[in-house]
Amino acid sequence: MAEIDALPFPFAFKPEAMALVVIDMQRDFAEPGGFGASLGNDVGRVVAIVPTVKRLIQGFRAAGLPVIHTMECHRSDLSDLPPAKRNRGNPSVRNGDVGPMGRVLVVGEPGTAILDEVAPLPGEIVIEKPGKGAFYATSFGEDLKRLGVRQLVFAGVTTEVCVQTTMREANDRGYECLLAEDATESYFPEFKAAALAMIRAQGAIVGWTAMTDQVLKGIADA
């Protein structure tokens, strides 16, 4: 069994059982004028990780390992957008409203699309999720079973919300999870740091963390 140099201890993995999950690398979360920026966030933090996420994706593709993408989005009629989510807070633009890049987080709208630099290739799985976690109201669990995947490497945004939520969902379902530290980001650096600490606390209670170079080296050496 191969290993990735990780925290809190090395991550033992089987390449034939591993996939990369890239969470919500969407225009609305990364570009000026998108939903993330409308909330007053510094989207430059997300933009900064794009080259690293791209390199991680390319490494998995080169190794012949599955790459799965997720998109947070809703149906055009908003039937899967509960009021508790739409009405929370006081943003200038809400989910489903028309923004600079079309209706915010609605399927098929320009802002909902995954960034070109890390876009899925034909045949790669794309999970359209209405919630924070990728398992809720999606085919994600069935897709992983069909692929024979039991170990997941995570990248994407934001670390403390959709990434950590999906990792916790996966952990509860028996998957072993590793987060690429430099391929994930938050609008708030202190939130990212806290999420990383929580994930690997108490002997990897949720999962492991490692740098992208360590992940790619482990895969290459396997």
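These are my notebook entries on a predicted model, taken element by element.

**Entry 1: strand E9 and its neighbours**

I began with strand E9, residues 176-185, and looked up how much of the strand is covered: 8 of its 10 residues are buried. On one side I found strand E8, residues 151-157, which pairs with E9 in the parallel sense over 6 bridges. I then looked for the bridge partner of Phe-154 in E9 and found Leu-179. Following the chain from E8, I passed through helix H6, residues 159-172, before reaching E9, and I noted this β-α-β crossover as right-handed.

I next turned to strand E10, residues 208-210, which also pairs with E9 in the parallel sense, here over 3 bridges. In this pairing Leu-179 stands opposite Thr-209 of E10. The chain takes the path from E9 through helix H7, residues 189-204, to E10, and this β-α-β crossover is right-handed as well.

**Entry 2: nonpolar cores**

Which residues touch the most other members of the largest nonpolar core? Of its 43 residues, I recorded Met-25, Leu-56, Phe-60, Leu-178 and Val-215. The element that gives the most to this core is helix H3, residues 44-62, with 7 residues.

I followed up Leu-178, leaving aside residues up to four places away in sequence, and listed its contacts as Ile-4, Ala-6, Phe-11, Leu-152, Val-153, Phe-154, Met-167, Trp-208, Ala-210 and Val-215. There is also a second, separate core of 23 residues, and among its members I noted Leu-152, Tyr-175, Leu-179 and Leu-196.

**Entry 3: helix H5**

For helix H5, residues 140-147, I asked which residues are buried, and the list is Phe-140, Gly-141, Asp-143 and Leu-144. Looking down the axis of H5, I found these buried residues within an arc of 160°, so they line one face of the helix. The general geometry is worth a note here: an α-helix has 3.6 residues a turn, so residues three or four places apart point the same way. On the other side of H5, I noted Glu-142, Lys-145 and Arg-146 as exposed.

I then looked up what the buried residues of H5 pack against, and found strand E3 (18-23), strand E4 (67-72), strand E7 (125-129), E8 and H6. After the helix comes Gly-148, whose phi is positive, near 75°.

**Entry 4: strand E4**

All of E4 proved to be covered: 6 of its 6 residues are buried, so the strand is largely enclosed by the rest of the structure. Both faces share in this, with Val-67, His-69 and Met-71 buried on one side and Ile-68, Thr-70 and Glu-72 buried on the other.

I checked the strands that pair with E4 and found E3 joined to E4 in the parallel sense over 4 bridges, while E7 runs parallel to E4 and is joined to it by 5 bridges. Thr-70 of E4 appears in both pairings, standing opposite Ile-23 and opposite Ile-127 in E7.

**Entry 5: Glu-124**

Is Glu-124 buried or exposed? I placed this residue in the loop between strand E6 (102-103) and E7, and at 17% relative accessibility it counts as buried, the cut-off being under 20%. The side chain of Glu-124 makes a polar contact of 2.8 Å with the side chain of Arg-61, and another polar contact of 2.8 Å joins the side chains of Glu-124 and His-69. Leaving out residues up to four places away in sequence, I found that Glu-124 touches Arg-61, Val-67 and His-69.

**Entry 6: Thr-159 and Ser-79**

I located Thr-159 in helix H6, and at 0% relative accessibility this residue counts as buried. Its contacts, not counting residues up to four places away in sequence, are Gln-164, Leu-179, Thr-184, Glu-185, Ser-186, Lys-192 and Ala-195.

Last, I looked at Ser-79, which is found in the loop between E4 and helix H4 (83-86). Ser-79 is partly exposed, with a relative accessible area of 49%. I noted two polar contacts for the side chain of Ser-79, one of 3.1 Å with the side chain of Arg-75 and one of 2.9 Å with the side chain of Asp-77.

Definitions and conventions: Residues numbered from 1 in each chain as written. Predicted model: local features only at pLDDT ≥ 70, side-chain atom pairs only at ≥ 80, totals over all residues. Heavy atoms only, no water. Buried < 20%, exposed > 50% of the residue type's maximum accessible area, 1.4 Å probe, protein only. Helix = DSSP H or I, 4+ residues; strand = E, 2+ residues; numbered from the N terminus. Pairing = 2+ DSSP bridges. Right-handed = clockwise from strand over helix to strand, strands pointing away. Core = buried A, V, L, I, M, F, W, Y, C linked by side-chain atoms within 4.5 Å. Contact = heavy atoms within 4.5 Å. Arc of directions from axis to C-beta. Polar contact = N/O pair within 3.5 Å; in protein donor to acceptor, adjacent residues only side chain to side chain.
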